[in-house]
Amino acid sequence: MKFEEKFGGSKCGTMTFVNGHLIGNGDDFMRWTKEKFGMIDFRPPAFYEALSNHAYKSYLENPHRDVVYLDFVHDKRPMGRMIFELYKDVVPDTVKNFVSLLSSKEDKKYASSTMHRIVKNGWVQGGDLVNGSGTNSESFKGGKFSDENFAVKHGKRGVIGMANDGPHTMDHSFT
């Protein structure tokens, strides 16, 4: 499936990070390069937007990874969409678990869950489909399932992982 079909259009906002630090959007990046390096760019912003959109679409269309999204709502007001890259080539059961709960036709799915833990300047946790508190969950296999591996590091902003209660207790809570 192409990016436009999945996410409803090809226009993507640009977020720029340098060494893990958020610079901002494309305009912020241009100001940063001017201040830091004295660089002045003569190309129109549309040029960079087109390059960015092309690179982003190519990256998201990688056949070895799944890309999914969650729309967040608070008091029935849309808060925004988060897009996640899922490493099905590295942790296939974990991805199968996560995707099955995104697309479930039963009551047990992420669409009806809450973010039950929010750590300021840290992380969020959600997906407890039983109690809504992170205390009781199950997986696509019915109970908990074993850890697959720890190859994907969680040392930077924007990484999603499944939460657990210790070794081999994977379920449907995520951080």
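This passage describes the fold of the chain, its nonpolar core, one hairpin and selected surface features, all taken from a predicted model.

The secondary structure of the chain comprises four helices and six strands, and, when these elements are read along the sequence, they follow the order α-β-β-α-α-β-β-α-β-β. The chain has 175 residues, of which 25% count as buried. Its accessible surface amounts to about 12000 Å², and carbon and sulfur atoms account for 55% of that area. When contacts between residues at least 6 apart in sequence are considered, 48% of them join residues that are at least 24 apart.

In soluble globular proteins, nonpolar side chains tend to be buried together. In the present model, the largest nonpolar core contains 15 residues, and the members that touch the most other members are L86, F98, Y110 and F174. Two or more residues of this core are supplied by each of the elements β3, β4 and α4, the last of which spans residues 92-103; the greatest contribution is that of α4, which gives three residues. The surroundings of L86 can be described further: when neighbours within four places in sequence are left aside, L86 is in contact with R65, D66, V68, V95, F98, V99 and I160. F98 is thus among the contacts of L86, and both residues also belong to the group with the most partners inside the core.

Strands β3 and β4 also form a hairpin, with two residues between the strands. The two strands pair in the antiparallel sense over nine bridges, and one of the pairings within this arrangement places V67 opposite E85, its bridge partner in β4. The loop that contains D75 lies between β3, which covers residues 66-74, and β4, which covers residues 77-86; K76 is likewise placed in the loop between β3 and β4.

The backbone of this loop deserves separate description. Most residues other than glycine have a negative phi. D75, however, has a positive phi of about 50° although it is not a glycine, and K76, which is also a residue other than glycine, has a positive phi near 65°. With regard to solvent, D75 has a relative accessible area of 61% and is therefore classed as exposed, and K76, with a relative accessible area of 80%, is exposed as well, since the class requires a value over 50%.

A further surface feature involves nonpolar side chains. M15, F17 and L22 form a nonpolar patch on the surface, and together they have about 300 Å² of accessible area. Of these residues, L22 lies in strand β2, which runs over residues 21-24. Because its relative accessibility is 41%, L22 counts as partly exposed, a class that lies between the limits of 20% for buried and 50% for exposed residues.

L129 provides a contrasting case, being located in the segment after β6, a strand that covers residues 124-126. The relative accessibility of L129 is 17%, and this residue therefore counts as buried, as the value falls under 20%. L129 and S113 are separated by 16 residues in sequence, while the distance between their C-alpha atoms is 5.8 Å.

Methods
Residues numbered from 1 in each chain as written. Predicted model: local features only at pLDDT ≥ 70, side-chain atom pairs only at ≥ 80, totals over all residues. Heavy atoms only, no water. Patch = residues over 30% accessible without salt bridge, like charges linked within 9 Å, V, L, I, M, F, W, Y side chains within 5 Å. Areas by Shrake-Rupley, 256 points an atom, 1.4 Å probe, with all protein chains shown as cover. Salt bridge = Lys/Arg side-chain N within 4 Å of Asp/Glu carboxyl O. Buried < 20%, exposed > 50% of the residue type's maximum accessible area, 1.4 Å probe, protein only. Pairing = 2+ DSSP bridges. Core = buried A, V, L, I, M, F, W, Y, C linked by side-chain atoms within 4.5 Å. Contact = heavy atoms within 4.5 Å.
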